[in-house]
Amino acid sequence: MILATTVHTAFGNIGHLLVIISFVASIVAAFAYGKAASTDNLSDNSWLKFGRYSFWIHGTAVLGTAVTLFLIIYNNYFEYHYAWSHASKDLPVHYMIACFWEGQEGSFLIWSVWNALLGFVLIKTNKKWEAPVMTVFAAVQAFLASMILGVVIGDFKLGSSPFLLLRDVVSDPVFLINPNFIPEDGTGLNPLLQNYWMVIHPPMTFLGFALTLIPFSFCIAGLWRRDFKDWIRPALPWTIFGGVILGTAIIMGAYWAYETLNFGGYWNWDPVENAVYIPWLILIASMHTMIIFKKNDTALKTSIVLVISTFILILYATFLTRSGILGDTSVHSFTDLGLSGQLLIYLFFFIIASIFIAARVWKELPTSEQEATAYSREFWIFIGALVLCLMSFQVLIPTSFPVINKIVELFGGYSSLAPPTNQVEFYSKWQVWFGIGIALLSGTGQFFFWKKMDKDKLKNAITFPILISLMLSALVFVLEDIYNPVYIVVLVAGMYSVVSNFKIMIDLVKSGSYKLTGGSIAHIGIAMMLVGIMFSEGYSQVISKNTTIISREFTEEQNSDNVVLFLNDPKPMAGYSLLYKSEGMKAEGIPGYVKKSHLDDTEDPHYKITRVNISSEGKQYAEAGDTLYFRVPENTYHEIEYTSLSSGKKFTLYPRIQQNENMGGRVQSPSIKKYWNRDVYTFVQLEADFDDEFTEWSEKEIIKVMPGERFFINDYVANFKGLERIPSVNFVDVGPNDAAVQANIEVLIEDNQKLLLEPKFVIKDNNLARPAELNQEIASRITLENINPEDGSVELGIETTQKDWIILQAIEKPQINILWIGTIIMIFGFIVATRRRYIEFMKMRDKGLA
Amino acid sequence: MKKSSIIGLVVIAIAVAIIISTSSSASSYANFDEAYALATKGSDESIHVVGELKKNALGEVVGLQPSQDMLSVEFVLVDENNKEQKVYLNQPMPTDLLKSDKVVVIGGYKSDRFVADKVLLKCPSKYEETSL
């Protein structure tokens with residue numbers, strides 16, 4: 001294990017130095033930009049230049065830090081704690097990227113990288129706003145850099161460095177013997193995160209986080225410089241862009257959960273999900289009030305409050321998810337790196353500073369005396385923004401329970417608030433009505449788009465979409481049998497929003513103003529998402545229901561949602577016949593799955609030896625005796641064939657069970673069959689483990705067989721082919737005075753396939769061993785009891801048990817594709833809107849007005 | 001009355017409704033005695049009880065029994081007051097139940113039995129390795 005290699009200390013030193021440089025440079029930049037922003041002497045721009053250089057140095061150092069950390073992971077420098085605890089040799093490059101942000105330090109770093117890059121863009125694209133905006137940027141960057149600074153002064157620890165050597169973190173006697181000890185392999189990326197969405201979802205989320213800093217900085221800059229109105233124009237395109245990035249990131253996380261976790265859906269109202277959903281809603285609300293302001297100079301104060309709240313809520317989300325405070329309420333495990341104090345300071349600094357800056361000038365803020373009329377577009381957008389805020393507030397309260405409990409305790413009280421038992425139902429019952437409100441408002445508000453409205457004009461404009469949407473909804477009721485009154489309202493509201501926004505979009509395109517269609521496109525997307533969520537969640541049904549009585553102990557009637565499938569024993573379920581065919585593993589370079597019962601272990605779990613030839617579609621991929629490589633040996637796939645009872649059509653699903661020590665045990669992941677109008681979602685709740693204590697074996701039956709003789713094992717035809725001397729047992733060579741033989745037995749199983757059993761008889765150091773050969777596929781345990789050299793016969797001990805089984809749950813999710821298509825349409829709409837607002841900003845800037 | 005005042009009142013009313021609904025739907029952490037007292041009072045509210053699996057002197061889990069068809073499981077949980085209670089869970093045994101050091105059962109008493117609708121397992125986290 002111990003290799004004589006050098007410890008690459010240079011990387012860590014460079015990385016650590018770069019963190020320090022970035023920290024110091026950000027403070028210098030904040031100071032210099034601050035000086036530049038507070039001087040009114042426009043001819044002297046020396047502070048501005050100094051600030052700019054400092055920020056360039058800061059940003060370059062941040063990028064350098066990230067490159068250094070990535071090289072440590074990429075080169076498998078396991079002498080570093082970060083590489084050792086997050087990476088391993090078996091990872092392909094794209095998952096090495098995921099290792100980068102698996103740890104907290106790396107995720108702070110990626111956040112900081114985005115901020116630095118956005119800072120560069122703002123320096124390039126802004127003139128008069130550069131100094132005050134970049135002051136805020138540099139200050140935020142100083143806080144972020146401090147999170148990974150890793151400076152210890154006495155008992156005080158400032159940040160946690162990702163560049164610590166393993167020997168400095170882990171105390172192990174091996175380092176006393178050899179301080180240069182380097183582990184041969186890392187402990188790896190959590191296999192649950194080895195999924196392409198985990199490569200892209202975290203950086204998207206942090207880009208979203210970083211983008212909320214831009215409107216915040218412009219807002220603070222505007223308040224500080226008493227330039228109360230102009231900050232909105234440059235901030236707006238970035239707000240919209242932040243909205244689409246953060247929104248996409250949330251959906252990506254949801255899609256990962258849908259594909260990987262087994263709670264049967266894409267959204268579980270887990271505090272970790274809520275933590276990002278809350279600021280996203282406020283961000284969208286702020287975007288709308290900023291649009292109102294651009295139109296008629298109202299809603300400035302609301303915009304300021306919402307923009308600041310968005311950023312503060314992002315910091316609050318960071319605090320919630322990284323301080324360990326969610327420990328008892330979230331299924332996600334987060335370790336407390338001892339940074340919660342620092343995170344609290346970070347949070348409070350920005351709360352107090354923003355309140356101070358806003359309060360100082362609050363009275364000077366221009367307000368419009370004129371009340372918005374109910375027939376103006378702005379009035380309805382404003383109501384929409386309020387609904388979004390309430391929607392966010394409703395999620396914020398229960399998500400904050402652990403914080404409330406802590407605060408009450410802090411003041412000597414006792415609070416034991418626990419999250420609502422049925423979280424999904426609790427949140428949904430509120431959120432669905434807010435969603436309906438949003439759909440109705442977004443459908444109606446758009447009609448006030450281009451002209452002054454009054455009662456009659458509104459009636460004219462709105463009648464047609466209402467009629468169409470009612471007709472379409474009625475059609476869907478009949479086709480899909482929707483009776484739940486709430487769902488009917490959702491459907492009508494969603495349909496109305498789609499139809500009316502579609503009409504507006506068509507009108508805009510007709511008049512040639514396709515650049516302005518962003519809003520209506522995004523609203524169509526949102527309304528489709530609402531309808532998609534209503535169908536896929538509201539009408540999600542467990543199709544593996546059966547009426548077997550589980551336990552007479554239960555007082556009330558309880559049906560089971562699960563079905564037990566025995567190997568090769570078909571069972572009908574919800575219009576399908578289900579057949580559990582095999583248990584397989586995914587070998588590198590071989591299509592499909594390799595049956596587990598054909599594989600022999602080696603010392604390394606990543607390598608296994610096949611007992612049979614493996615071929616697929618006429619091509620041979622491996623011969624018996626070949627060693628195969630398994631990149632993720634933790635994964636087992638269950639081959640389940642679905643045959644439609646009506647059409648006879650077949651498809652096969654491969655739900656996965658992952659032996660995952662990081663998560664404390666086995667993790668079940670679904671396999672999903674996608675139809676245009678529904679998903680069939682299947683996962684294995686529990687698989688038989690014949691090694692566990694609950695397996696009941698039959699009494700051992702001893703039979704005597706001759707070479708070539710046929711006999712039965714657990715009703716399968718078996719053939720004793722003969723004895724064979726073997727050179728090693730369990731990777732230990734047989735010594736000169738020892739002996740080891742194995743009996744080669746061929747078993748004929750389903751589909752004309754053959755299975756090899758090799759029970760052994762070992763004499764080692766005058767001790768006799770008869771290790772049992774366990775085969776799960778035929779539910780038997782075979783021992784080679786005795787060998788009779790005179791006639792070549794052997795005595796075999798056979799124990800059998802119940803056939804291999806799995807417990808499976810299947811869920812049908814109707815119309816889930818409407819949700820995903822809606823998401824894509826929404827993203828597209830947002831991008832169109834971002835472009836429009838950015839062009840507006842550029843035009844004004846080039847006129848010297850921004 | 002100004003329109004903005006009306007809107008303000010409506011917003012406040014909804015916010016208050018949200019807070020009331022949240023506090024009435026909130027569950028609470030309790031021990032078995034408290035949960036039992038609640039059930040005898042006729043409440044069928046769901047309670048979170050935090051406890052550990054019963055272990056013998058050797059540290060082995062005792063009293064854990066999956067049903068014949070493995071579709072449900074019963075086990076003995078010891079709460080913070082050291083009260084032992086049989087818990088029925090109408091789900092296949094969570095695979096990592098035996099390894100967990102803390103178990104949160106969510107459910108309530110149904111005629112002297114604690115029936116859990118859900119369990120949350122707190123496993124010794126190996127997320128951040130501190131030893132080789």
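Here are a few friendly notes on some strands of chain A in this predicted model.

1. Let's start with strand β7 of chain A, which covers residues 576-585. Of its 10 residues, 8 are buried, so the strand is largely enclosed by the rest of the structure. A residue counts as buried here if 20 or more other C-beta atoms lie within 10 Å of its own.

2. Just before β7(A) comes strand β6 of chain A, residues 571-573. The two run antiparallel and are joined by 3 bridges, with Met573(A) standing opposite Tyr576(A). They form a hairpin with 2 residues between the strands, and there Ala574(A) takes a positive phi near 45°.

3. β7(A) also pairs with strand β14 of chain A (residues 635-644), in the antiparallel sense and over 8 bridges. Another antiparallel partner is strand β8 of chain A (residues 594-595), joined to β7(A) by 2 bridges.

4. Gly584(A) is a good residue to click on. Its bridge partner in β14(A) is Tyr637(A), while in β8(A) its bridge partner is Lys595(A).

5. Elsewhere in the chain, have a look at the open sheet of 3 strands, with the order β9-β10-β13 (chain A) and antiparallel pairing. β9 (599-601) and β13 (627-629) of chain A stand at the edges with a single partner strand each, so one side of each has no neighbour in the sheet. On average, neighbouring strands of this sheet are turned by 40° against each other, direction ignored.

6. Within that sheet, β9(A) and strand β10 of chain A (residues 607-610) run antiparallel, with 3 bridges between them. Here Asp601(A) has Lys608(A) in β10(A) as its bridge partner.

Terms used
Residues are numbered from 1 along each chain as its sequence is written. Chains are lettered from A and ligands numbered from 1 in the order in which they are written. This is a predicted model: local features need pLDDT of at least 70, side-chain atom pairs count only at pLDDT 80 or more; totals for chains, interfaces and linings use all residues. A residue is buried if 20 or more other C-beta atoms lie within 10 Å of its own, exposed if 12 or fewer, and partly exposed in between; C-beta atoms are placed from the backbone. Helices (H or I, at least four residues) and strands (E, at least two) are DSSP runs, numbered from the N terminus. Two strands pair if DSSP finds at least two bridges between them. Axes are lines fitted to C-alpha atoms, for helices over the stretch in contact, and angles run from 0 to 180 degrees between N-to-C directions.
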